[in-house]
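Please take a moment to look over the sequence and the model below before reading on. The paragraphs that follow move from one pair of strands out to the whole protein.

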Amino acid sequence: MLRTNKILYIILFALFITFSCFAIYNAVKAMHYSNNISSGNVIDKPQLHLVLISQEYDNPYWRLVQQGAREAAQQKGVELEYLGPARADVKEHIKILEMAIASKVDGIITQGLEETEFTPIINEAARLGIPIITVDSDAPRSKRVAYVGTDNYAAGYMAGRELVTQSGGRAEVAIITGSFTASNQKDRVKGLKDAVKNYPGIHILDVAESNISRIQSAASAYNLEQQYPEIDTFVGTSALDGLGIAQMLKEMGSGTLRKTIRIIAFDDLPETLTLINQRVIESTIVQQPFIMGRESVNLMLDYLKGEKIVTVLNTDAKVIHREDLTGTGD
Ligand code: BGC
């Protein structure tokens, strides 16, 4: 009996100590809260959560966009989540977009890849109050709040002008494009065709797709080579296309043995620059993926603060050659 009483006292004492600690903790917390409110501080403000969805998760071009976005997010103290399909795939991309919308993130940065597929979902996000900024490729008729990226028609036109200069107006050309349906790729091909349309000596023999994959670009280039032995120029309109074309030519020995084939590429991934230095790729149209990522986050944060923002932020594109890398051309 005595022993039972003792145990009971111990339990009661332990409970008393626990409740006292809890009460003291809450009292201190309440004091802290009221002090912050009276001094005008906002406490426990949740961190803004932005999502960047890329066309392909591990694509080196998109890793640069991610780096730029991450830098801006870190500087401004917001959370940036990076997502994307393992392989470029519009259905997967849209699923990820739907998930981000369903989890009510504060803002989404993604491509406006295909107008018909992307516009309704972007508009749905807008209806639910989640702003979307398109990056790299636009959906101008959607309710996105802004576009950050290259003027893709102008960049394609630049590639076409480059082709005219290099070929002196005579070329048998095949184009490898990232996708037949992606708006940025369609605009580049259109720009390129428009730039050469007044040159009767330049023939665009065919256009094939790479699905932004280097291997598929090599396979498409191989098929085109077989079909049109007269090809003397390849143009690749997405970041890995030029690399795939170069790989195919190397494997076939065409670049050195049979004939010289000119390659005009897109973007300045390190391997592309190496191939320019080795004179395998003639020139490339350089975009600014890092800046696209950084500025889309900055714009999104301005928008979320209620500031008026530009609706189109064109990031520069320019052509570079071997001379631009070495400074001398040697
Ligand atoms: C394009 C991107 C594409 C990437 C693929 C870039 O040139 O702007 O849309 O995803 O190439 O590697």
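Two strands are said to pair if DSSP finds at least two bridges between them. With that in mind, and remembering that this is a predicted model, we can begin with one such pair: strand β10, which covers residues 283–286, and β12 pair in the antiparallel sense over four bridges. To see one of these partnerships in the structure, find S283, whose bridge partner in β12 is H321.

This pair belongs to a wider arrangement, an open sheet formed by six strands, which follow the order β7-β6-β8-β9-β10-β12 and whose pairing is mixed. At the edges of the sheet are β7, with residues 202–209, and β12, with residues 318–321, and each of these pairs on one side only. If direction is ignored, neighbouring strands of this sheet are turned by 20° against each other on average.

A helix can now be added to the picture: α5, made of residues 152–167, lies across β6 (171–177), β7, β8 (233–236), β9 (262–266), β10 and β12, and α5 runs at about 160° to β9.

Stepping back, the reader will find that the protein has twelve helices and twelve strands, and that 47% of its 330 residues count as buried. Among the contacts in the protein with a separation of 6 or more, 73% are accounted for by residues 24 or more positions apart. As for the outside, the protein exposes about 17000 Å², of which carbon and sulfur atoms supply 56%.

Note on methods
Residues numbered from 1 in each chain as written. Predicted model: local features only at pLDDT ≥ 70, side-chain atom pairs only at ≥ 80, totals over all residues. Heavy atoms only, no water. Helix = DSSP H or I, 4+ residues; strand = E, 2+ residues; numbered from the N terminus. Axes fitted to C-alpha atoms, helices over the stretch in contact; angles between N-to-C directions. Contact = heavy atoms within 4.5 Å. Buried < 20%, exposed > 50% of the residue type's maximum accessible area, 1.4 Å probe, protein only. Areas by Shrake-Rupley, 256 points an atom, 1.4 Å probe, with all protein chains shown as cover.
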